[in-house]
Structures are given as C-alpha cells and as structure tokens.
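Take a look at the protein below. This report walks through a few of its local features.

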Amino acid sequence: MISSIIPSSHFSAPLSTPRVNRLSRPSSVVKCHFSARHGHSNSSLTNTPSTTIVISSAAAAAAIFYTNTNGFIGGGGIGGAGGNTGGGGGGGSGGDGGSFWSRLFSLAAALADDLEPPEWDSHGLPANIVVQLNKLSGFKKYKISEIVYFDRIRKAKVGSEDSFFEMVTLRGGGVYTKAQLQKELETLASSGMFQKVDMEGKTNADGSMALTVSFTESVWPSAERFRCINVGLMKQTKPVEMDTDATDKEKLEYYRMQDRDYQRRIENARPCLLPTSVQGEITDMLSSQGNVSARLLQRIRDRVQKWYHDEGYACAQVVNFGNLNTQEVVCEVTEGDITKLSIQFLDNLGNVVEGNTHIPVVQRELPMHVRPGYIFNMEEGKQVLRNLNSLGLFSNIEVNPRADENNEGGVVVEVRLKEVDQKSADVSVEWSIVPGPRGLPTLASMVPGGTVTLDHRNLQGLKRSFHASVTTGNLCDPQDDLSFKFEYAQPYLDGVYNPRNRTLRVSCFNSRKLSPVFTGGPWVDEVPPIWVDRAGIKANITENITRQSKFTYGLVMEEITTRDESGNICANGQRVLPSGVISTEGPPTTLSGTGIDKMAFLQTNLTRDNTKFVNGGVVGDRNVFQVDQGLGIGTQFPFFNRHQLTLTRFIQLRSVEEGAGKPPPPVLVLHGHYGGCVGDLPSYDAFTLGGPYSVRGYKMGEIGVARNILELAAELRVPIKGKYVYVFAEHGTDLGSSENVKGNPTQVYRRMGHGSSYGVGIKLGMVRTEYAVDHNSGTGAVFCRFGERF
C-alpha cells in the first residue's frame, strides 16, 4: 500500500526549530479476503491494491489471491482527479450495395451520433501555445494527449519508472475538467513530497492538450538513526491551526507545542514488528544517502511494507514519517491490529441469516491469532480456512479482514460461512468387481446390488451426525445378502467450551465378507469359499492429541457366523479331494467349532499421520499402532491380545516448486507391518498374507495364515507427464507361526507361509495398473486395483 507524505501547516516557516512532518491517515479501506469452498470450490485471499498475485497451497488443495491498493492521501482527504476517460472517433464504411433496411439503420445510427454530446471539448486556441491552469475554461472537458514530468533540480524529464509517477492519478488520453486538474495540483502540492509543483498545458492542433508537471523535490537534513513505531489504534488529535497573524514568538511556541505533542505520541506508541536487521538496513540507507529526500522516503516506505507483506501482514502500511528535521527518522506504521471478530452465516443469495451451527462450534476452530489483541496475518487466515473446512459443515468459507470504522488503524475480521445441506439421502445401484483369472477385474454377478444411504450432518447445530446405510448385493432378492450400518457421532464430548477434543461414536452393524483364510495356494486349483458374517455394536471415543495424532479406545461386541457359498452355517473349511468330492473336514472356522461365535473385546488405536500433499504427491510419515484385547466374555470365554504396528515413510527425493499444474516430486516409499496374537485365536481373526494390500502379485491370503506376520515393502514413484510410474518390491513371512493357527489352514491348503514379489505400475486417477511377478510360482500377471496401497 502506498502512502504519501503530508506536511503540517507550519512546514513552510523558516525556523531552525525541529518540526514534525506527518502523514494523515488513509481513508481508503484496506481489504483482505479469504474464501474456501467445501468440495467443488476454491479458497482465495485478497487485499485490495492494484496488483494481483496468485499464491497456491497443499491442502488442501486451495488457490489464494493477494492484491495491493495504491491510495493517495492528501491533507484534507483523498486527493486526485477522478474524471472520466475516453476517446472520440469512429467512422463507418459505406457503399451502394446495401439494402433499404441497412441504409435505414445506418442513417438512424448517424443521426444518433449527431445527437450525442461530444466526449471532450476542443480548447479552441491556436496550436503550440502554453496555457496556465487558471486560464482554462471551467465549462470544458479537456483531452490530455500526454503528460510530461519535469524535475527542476535534475533539469530533466522523468519517465514512468520514477517513484513520483505513481503519485499522479492523471493519465495520457484521459479527459478532465479544470476543477479536476486544479484538485490534482492541490493534492500534489499538499503531499509534502514537493517544495514546489506546477502544471501547464500546451495546445495541440487536434484540439487536445499536452500537460507538463514541473516539480522540485522536498529535501530534509541528513539523519543518522531510524525508528519504527506501531501507531495502530492510537487516537488522532485534530491539529490546531496557527493564526495567520501570529507573531514570531507565538509561532515559535506553536512549533514547540507540536514537538512536545509528537514526542508524547512516540513515547505512547508500541514497538513495531520490523526486525532489527531491516531497521539496520534502512539506517545504512540513510547514512549513505546524505540529505533525506522524498525519493529516499519512498524507498524506505517500500522496503518496510515489503517486509510486512512478505511475512503475511497484508493489512500493514506506512502512514507517516516524522522528525524529518532531526537526526532520527520516525516511521509510523499501522500493522493491522484486530479489534473485533465477527462470524456471519449467509444464504444462497449472500444475505446474512441466522445459521444452524452454534457459534461456539466455529469459535473453537479459530486460531488464537485471529482474535482481538493480535495482528492479522495471512497465514492465520489460511489456517482458519483449513480448520473450518475440516468440519465438513460449510460449502463456502470467507475470511475478510476490513478496516474498523470506529478504531483508527484497527481491523475487523469477518468470517462468512455458507452451510451445506444438513440432511441428505442417496440411492445407488452397483455391480461388484472382483479379481478374476490372472488378476483381471470381472463382475462378481450380473445381478446388480444397491445401497440406500441417509445422513444428518449437524444435529442440534453441534456437529453431531447420524448415518444410516443399507446395502444388498442382490436387488432381486435383498434378503439373500443384506448388510447395514447405523452410526451416531457426537463431537465435543466434554462440552463445546472445553478445549479437550473427544468424539463419541456408537454404531450398529451387520456385514458379510469373503474370508481369505480359506484360500488355496499356487498348487491348489480351487477351494470352496467361506463367508464371514459379523453383527454387533461398537462404541468408541476418539481424542485428538495433536493435529497429527489421535487416540481411539472403545468396546466391540459381536456375533460371528461362518457360512458356505449356499448360505448354510459352516463349522469347518472345505476342500476338494482328488476324486472331486468336497470334504467338510477342513480347519475349524470358529473358536467354538459350531460356526457361530460371540465375543466382546476392547480395541485401542493410536495414529500419528504427518503426511501432506505436494502437487498431488504424498510425502511425510504415518505410524499406526492397534491393540485388540479379549475380555473372556463370549463363546469359549475368549481371552487374547491381538496387536499390530504399521510404519510408512514417504520420502521426497527432490525439492519441487509447489503450485497448480506443477509436477509432483519423486518419492521413495518404505513400509513395514508387524502383527501378532497371543491367547485364543479364531481363524477369521488370524493374519493373512498376500493380496493388493499385503504382498502384491498374490491372491488374498495366498501366501499363508498365521499368528505372527511381518511385511516389508519398498516403492519408488517417479512422475512422468503428471502421472506416477513406480517400481516396487515386497516380502511377507509368517515367522513360522502358521502351525499355531487352529487346524493349520496354511498347510491344509498347501501354502508356502512366505513369499516375495516385484513389479512395475502406473497410477491413473484412483486406478493402479500393475504387472507383478510372484516368486513362489515364478509367474507374472497384470492386476488392476482401486485405491492406494499404503
């Protein structure tokens, strides 16, 4: 933001007593604007000047705009001419070949042009005559063909690159009245930048005029020290005008009184944020320059404001330089002190309405540094966008800092929110895709399945939610394969005003999945499938320890039923004998041996996720530790401890420029997973090896079933034309614990218990297409997978 220097009315008095040369406060509004949309929307941050800068970030995934406004401040307010600009002219082409209607409309247009008043008036004088400003007519609009700036001290013309050029609002080709030109001259004369400034015109033959602005730059004695103070929120005292008939003694007393008032102002001001290194740099500028010139002050202003804006203080601006006739230059800055935080809800038309979400729900997500008493910073504004967007309650979010009309130099931070629909219902029809021969995707059935989903995202305005879904794999006979899940979530379990962030979730579920335990090895042609039905309730509490870490603990009570492909309860696994007869004397499917188990256990999970997106690529690290502890409640009184540890590292191999459309960095992924169990272990809860999320290149459970497993993987991702191409190698082992699983399914179905694979792949959207080589059989195959491996 640009401020110009405004002298006190006493500045022209020829006295040696130190005087104060000051700037008046800007009356233009400083506006910074952030916005974000949930889902298909964007995020933006703007601050109203004349240059637009685009800033991109990972989250999110959002674009942010920042603009800087040029404001010219005069002694009595904003100065400068605001006349209309325009140009004349325009002609037509004719011919004899036009129709009657074309000639009629051409005639009507010509008559309309004759009736319209001209956009500017000719000066009516001979060409090449110099005309003083006061000799112009007050009834005419003059077209200024060009503007020439002449520096009297340098005795040379200055171009548009000169810092004084930005102070003049007149532009060549514009149309101005005499009053507008005089107002511009008064603004320049009262700015304090010039000891003397004049305007004169020179007539052109076409009726326009060339304007010459002649000026003498203001110069003050040399200074040795620099001081920066924050004058935000300081009350402005109205200057006392000096009597024009005052004696020399009264004038001297008047100047001394102003000096005392300004010294008190300096003492009452707060220190600014400008670091000592930048202040030292400016002190060196003063020492090397000699006399303090208006151009030097503009350079100092630009350097100070550049530091503030580079550091994110978009509402900061230099408003005054004081003590210019002393050995110390005082730079007054308003840094953007927040005086008020306002939260507003908007409807679809942008009108302010009463929202459904309680204000405390929004307030607890706001960083402390956007509240009154702090200085507004763009990074804190971006954090507001991220925090509120994570709630999932708003389709549009705007953070709009604006000037406080009641507090000079203050900033009001407005948070404007548009809520998403609280209730939703969805019905979908789908065909299930499962891995077929050689890993190629095939339809599980020609009969479609379907899902009915109901959601309420904001019960009682406290972000409490209810989710219900009913799914069937057979729309023709829904009872044949029906699963459901009902879940209620209540955040802020300890109260909205309590800083502790805990969320209660209670769910009731019924699901059916194909068990990978009963899967044949590479030398077994076919194994009859076993389905595992789970029905029960689950209640847990999740506590966010930090933004990257969360801790979940709860209770699970469920009934597990194992069935064959006909839907009958199956107590043992099946296998096909060499004679072709199906044997039902395979490993037991449940702990009880009846095909039905009931159990209750505690479950805890600790997750630390430090991953982030860099141009669409994941980098960082993720650690997950989970424990299931049996309570001895249920069939056969099961008591067990099942634990898992997963460590994944996404190592960025090269730094890249972040931004929209930029390529992601190459990434090395290192992954390790350990699982173990002691105590009672039913086969459906044993660890399986092999599959797209275990060891690629194998079917689900093809390597083995064990109490203890170890998986290791490495993947190198290289971006090529915006897509990740990668190579990988993986290994899994049962650590010799397969024989400790009841019935030893690994041996029964002729599995190895360990295996490795390697391959290459390419990621297209959410689809991974891979060629993987299986070491156990020595063959390779192409696989298409959905989702992420890690």
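Cys 677 is buried, at a relative accessible area of 4%. Cys 228 counts as buried too, at 6% relative accessibility. The number of disulfides in the structure is 0. Keep in mind that this is a predicted model.

**Salt bridges**

Side chains of opposite charge can pair when their charged atoms come close. The whole structure holds 31 salt bridges. The table lists some of them.

| Acidic residue | Basic residue | N to O distance |
|---|---|---|
| Asp 198 | Arg 152 | 2.5 Å |
| Asp 494 | Arg 502 | 2.9 Å |
| Glu 770 | Arg 768 | 2.7 Å |

Start with the bridge between Asp 198 and Arg 152. Where do Asp 198 and Arg 152 lie? Asp 198 sits in strand S13, residues 194-203. Arg 152 belongs to the loop between strand S10 (141-151) and strand S11 (156-158). The pair therefore ties together parts that are 46 residues apart in sequence. Asp 198 is partly exposed, with a relative accessible area of 30%. Arg 152 is also partly exposed, at 27% relative accessibility.

Next come Asp 494 and Arg 502, which form a salt bridge. Is Asp 494 buried or exposed, or partly exposed? Its relative accessibility is 27%, so Asp 494 counts as partly exposed. Arg 502 is at 14% and counts as buried, because buried means under 20%.

The bridge between Glu 770 and Arg 768 comes next. Glu 770 is buried, at 2% relative accessibility. Arg 768 is buried as well, with a relative accessible area of 2%. Which residues join Arg 768 and Glu 770 in one network? They are Arg 696, Glu 715, Arg 717, Glu 730 and Arg 789, linked by salt bridges that share partners.

**Helix H4**

Helix H4 covers residues 276-289. How far should its 14 residues span? At 1.5 Å a residue, the expected span is 20 Å. The end C-alpha atoms of H4 are 20 Å apart, so the two values agree.

Now look at the sides of this helix. Val 278, Gln 279, Ile 282, Met 285 and Leu 286 are buried in H4. These residues cover an arc of only 110° around the axis, so they lie on the same side of H4. What covers them? The cover includes strand S16 (225-230), strand S18 (292-293), helix H5 (294-310) and strand S20 (328-334).

The face turned away from the buried side carries exposed residues. They are Thr 276, Ser 277, Asp 284, Ser 287 and Ser 288. Just after H4 comes Gly 290, with a positive phi of about 90°.

**Thr 746**

Thr 746 is in helix H8, which runs over residues 745-748. How much of Thr 746 is accessible? Its relative accessible area is 4%, so Thr 746 is buried. The side chain of Thr 746 reaches the backbone nitrogen of Val 705, at 2.8 Å.

Which residues does Thr 746 contact, leaving aside neighbours within four places in sequence? Its contacts are Ile 703, Gly 704, Val 705, Ser 738, Arg 751 and Gly 753. Val 705 thus appears twice: in that list of contacts, and as the residue whose backbone nitrogen the Thr 746 side chain reaches.

Terms used. Residues numbered from 1 in each chain as written. Predicted model: local features only at pLDDT ≥ 70, side-chain atom pairs only at ≥ 80, totals over all residues. Heavy atoms only, no water. Helix = DSSP H or I, 4+ residues; strand = E, 2+ residues; numbered from the N terminus. Buried < 20%, exposed > 50% of the residue type's maximum accessible area, 1.4 Å probe, protein only. Polar contact = N/O pair within 3.5 Å; in protein donor to acceptor, adjacent residues only side chain to side chain. Contact = heavy atoms within 4.5 Å. Salt bridge = Lys/Arg side-chain N within 4 Å of Asp/Glu carboxyl O. Expected span 1.5 Å × (residues − 1). Arc of directions from axis to C-beta. Disulfide = S-S within 2.5 Å.
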